[in-house]
Amino acid sequence: MTARPDISGNIMKGIPVSPGIILGKAHLVDRSKVKILYQYLIDETQLSAEIERFKSAVAVTERQLETLKGRMPEEVKQHAFILDSHLMILQDSMLRESTARRIEEEKINAEWALKKSFHEIEKIFSRIDDEYISNRIQDVESVTERILRNLSGDTLESLAEIKERVIIVAHALSPADTSELNVGKVMGFITDVGGRTSHTAIMAQSLEIPAVVGLESATLKIGEGDLLIVDGNNGDVIINPDDADIIFYQEKQLQQEKYKSSIARTSHLPAETPDGYRMTVKANIEFLEEVAAVRDHGAEGIGLYRTEFLYLRSSLPPTEEDLFTDYRKVIELMTPEPVTIRTLDLGGDKFASGIEITKEANPALGLRAIRLFLKKKGLFKTQLRAILRASIYGKVQLMFPMISGLQEVLDATEVLNDVKRDLEKEEIPYDENLPVGVMIEIPAAVTISDLLARHVDFFSIGTNDLIQFALAIDRVNEHVAFMYQPFHPAILRMIRQVVKEARKAGIKVSVCGEMAGDPLCIPILLALGVEELSMNARAIPMIKNIIRSISLEEARRDFDRVVQLSTASEVRAYLLGRMKQVIPELDEKGYLRS
Ligand code: PEP
Ligand code: MG
């Protein structure tokens with residue numbers, strides 16, 4: 001393939017998070033809060049006009065909320081009360097009258113007065129001891145934002161309504177925004193912020209659309225309608241490319257497509273090394289809709305079903321019936337292959353409007369995942385009941401996330417046993433031998449993996465969080481993304497320890513973080529004796545192909561070299577060199593991140 005032409009000035013480099021090359025028009029979307037808030041004093045003569053301006057923004061807001069309510073599809077009508085509560089907030093004197101009064105008394109513009117009223121209400125709410133009531137401030141904030149947008153004439157676009165084939169350019173996209181994307185139209189996205197293992201990035205892979213994050217100033221440098229080339233393999237974004245760039249990338253795109261179809265032909269073969277070591281390769285999913293892709297790509301089961309999205313998609317927690325129906329479908333579609341369902345891992349970078357979580361300074365370290373569920377046992381039991389009831393429709397495993405100590409395992413098991421007893425009383429069947437495992441993703445869990453191994457049926461190593469917590473880097477923060485280092489000797493030693501303890505105790509161990517789908521990590525995971533990998537379905541054909549190309553003996557030799565190296569970059573450089581030797585095509589086609 002020809003070398004890339006010199007690209008001058010209009011190239012940006014970000015973090016590649018979902019592979020593939022796309023060429024298309026930029027569409028800028030703003031998912032952030034209203035930022036440009038002009039604050040100015042007004043004089044006596046402008047007072048009544050300013051109050052009128054505020055009142056008409058409130059009236060527009062009211063009409064918008066009424067229209068939204070009227071347009072609500074039948075299936076979600078039960079959530080209309082949320083819009084009703086927003087309408088009530090809109091009428092409330094704390095917001096409405098106090099803002100008008102501020103404009104008049106303090107002689108300040110409407111935006112400024114409204115912000116001040118909001119902060120006053122926020123202060124009052126923060127003193128309320130009741131968690132539910134204090135959390136309602138989010139609704140007040142949402143109404144305030146809506147009025148502010150109407151004051152500024154700025155409207156929030158629905159991502160589901162994008163009708164053209166475009167590449168989304170945004171400052172940030174939340175996992176909830178991403179789940180709204182119309183993938184029939186949206187070719188891919190790029191953002192200013194974000195890290196390699198953020199859930200937004202992981203979702204881009206699930207949706208099979210190329211994405212680059214952490215570009216820092218994409219929304220400043222790119223204009224609406226600019227032509228973009230996005231290379232999701234190496235993180236390059238080219239703005240308004242010339243003909244030579246376009247030809248070069250179209251050729252690269254074609255080469256990748258050819259390579260993808262050649263490996264797809266062997267994706268149903270087992271992942272066995274030339275010297276006979278057999279690995280099980282499974283898929284991670286977020287939505288039921290992904291199951292078809294999972295089967296197509298040759299997965300031997302689902303190793304991680306992240307169950308947050310049913311909670312993120314609606315403004316009320318899903319019912320037991322909603323959950324049961326969804327799990328049963330996934331399980332039945334996958335039968336006879338097994339499905340590992342992870343209990344809710346809310347918090348961190350995933351928030352559901354239907355579950356109260358107090359605003360925290362450090363949500364990644366906050367009341368999340370199993371900690372949240374052990375406080376909200378009602379919600380926990382609902383999910384466990386749904387999983388247990390669905391367990392009779394195939395082969396199911398249950399897994400708890402974010403385990404930091406044995407007590408959490410014991411407490412979670414006690415709740416599980418309670419739920420089992422309830423089902424027995426009600427004569428509802430469930431799989432009595434349902435294996436129960438834990439995610440190993442907090443360094444403390446690594447250190448006590450010998451103790452944990454005595455109480456669970458399997459371990460699944462969540463390298464995304466393990467790297468975040470072990471190296472103290474926020475996985476969604478682009479400023480520390482350069483420190484996301486799977487090859488850091490500390491991480492390799494931790495994985496080695498967990499695998500050793502699991503083997504000693506005779507339980508299974510898998511890796512389900514992004515490392516499992518990273519070509520360079522495969523020799524290491526093979527050499528360490530990991531038995532199972534679970535990854536984004538799209539990565540499976542390539543990873544199976546790599547396993548079939550490296551002997552266990554070679555992988556062990558490589559690992560012996562790697563343990564003598566002291567830095568992540570040395571390890572990576574060594575593994576990159578080896579992979580280029582073993583499967584040169586991977587490098588030629590741009591699959592090895594440089
Ligand atoms: C992990 O932390 O590695 C993991 C698989 O879970 P999640 O990415 O959902 O946090
Ligand atoms: Mg995790």
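Two strands count as paired if DSSP finds at least two bridges between them. With that in hand, strands β12 and β13 are paired: they run in the parallel sense and share four bridges. What you see above is a predicted model, and I will walk along this set of strands towards the magnesium ion.

Start with β11, residues 302-306. Three bridges join β11 to β12, and the two run parallel. For a register point, take Tyr 305, whose bridge partner in β12 is Ile 341. On the other pairing, Thr 340 of β12 stands opposite Gln 397 in β13.

Strand β12 itself covers residues 339-342. In a regular strand the side chains alternate between the two faces of the sheet. Here Val 339 and Ile 341 are on one side, Thr 340 and Arg 342 are on the other, and all of them are buried.

Before β12 in the chain there is helix α13, residues 320-334. The helix has 15 residues, so at 1.5 Å a residue it should span 21 Å, and its end C-alpha atoms are 21 Å apart, which agrees. The buried residues of α13 include Leu 323, Phe 324, Val 330 and Ile 331, but also Glu 320 and Asp 326.

Next, β13, residues 396-400, is joined to β14 by three bridges, again parallel. Met 399 has Gly 437 as its bridge partner in β14. The connection goes through helix α16, residues 406-425, and β13, α16 and β14 together make a right-handed β-α-β unit.

Now β14, residues 436-440. How much of β14 is buried? Five of the five residues are, so the strand is largely enclosed by the rest of the structure. Val 436, Val 438 and Ile 440 cover one side, with Gly 437 and Met 439 on the other. Beyond the pairing with β13, β14 also pairs with β15, residues 458-461, in the parallel sense over four bridges. Met 439 has Ser 460 as its bridge partner there.

Ile 440 is in β14, and its relative accessible area is 0%, well inside the buried class because that class means under 20%. Leaving out residues up to four places away in sequence, Ile 440 touches, among others, Leu 452, Phe 459, Ile 461 and Val 498. The C-alpha atoms of Ile 440 and Asp 465 are 8.9 Å apart, with their positions 25 residues apart along the chain.

Asp 465 brings us to the metal. Which residues are the protein donors of the magnesium ion, ligand 2? They are Glu 441, through OE, and Asp 465, through OD, at 2.0 to 2.1 Å from the ion. The pair links distant parts of the chain, 24 residues apart: Glu 441 is in the loop between β14 and α17, and Asp 465 is in helix α19. Glu 441 is buried, with a relative accessible area of 2%, and Asp 465 is buried at 3%.

Last, Asn 464, also placed in helix α19, which covers residues 463-470. Buried or exposed? Asn 464 is buried, at a relative accessible area of 5%. The side chain of Asn 464 reaches the backbone nitrogen of Glu 514 at 2.8 Å. Its contacts beyond four places in sequence include Thr 197, Ile 202, Arg 306, Arg 475 and Tyr 484, as well as Gly 513 and Glu 514. Arg 306 takes us back to β11, where the walk began: β11 covers residues 302-306.

How values were computed:
Residues are numbered from 1 along each chain as its sequence is written. Chains are lettered from A and ligands numbered from 1 in the order in which they are written. This is a predicted model: local features need pLDDT of at least 70, side-chain atom pairs count only at pLDDT 80 or more; totals for chains, interfaces and linings use all residues. Side-chain values use heavy atoms; hydrogens and water are left out. Buried means under 20% relative accessible area, exposed over 50%, partly exposed in between (1.4 Å probe, protein chains only). Contact means heavy atoms within 4.5 Å. A polar contact is a pair of N or O atoms within 3.5 Å; within protein, one must be able to donate a hydrogen and the other to accept it, and residues adjacent in sequence count only if both atoms are side-chain atoms. Donors are N, O and S atoms within 2.8 Å of the metal (3.2 Å for Na, K and Ca); water is not among the atoms, so sites may look incomplete. A crossover is right-handed if, with the strands pointing away from the viewer, the path from the first strand over the helix to the second runs clockwise. The expected span of a helix is 1.5 Å times one less than its number of residues.
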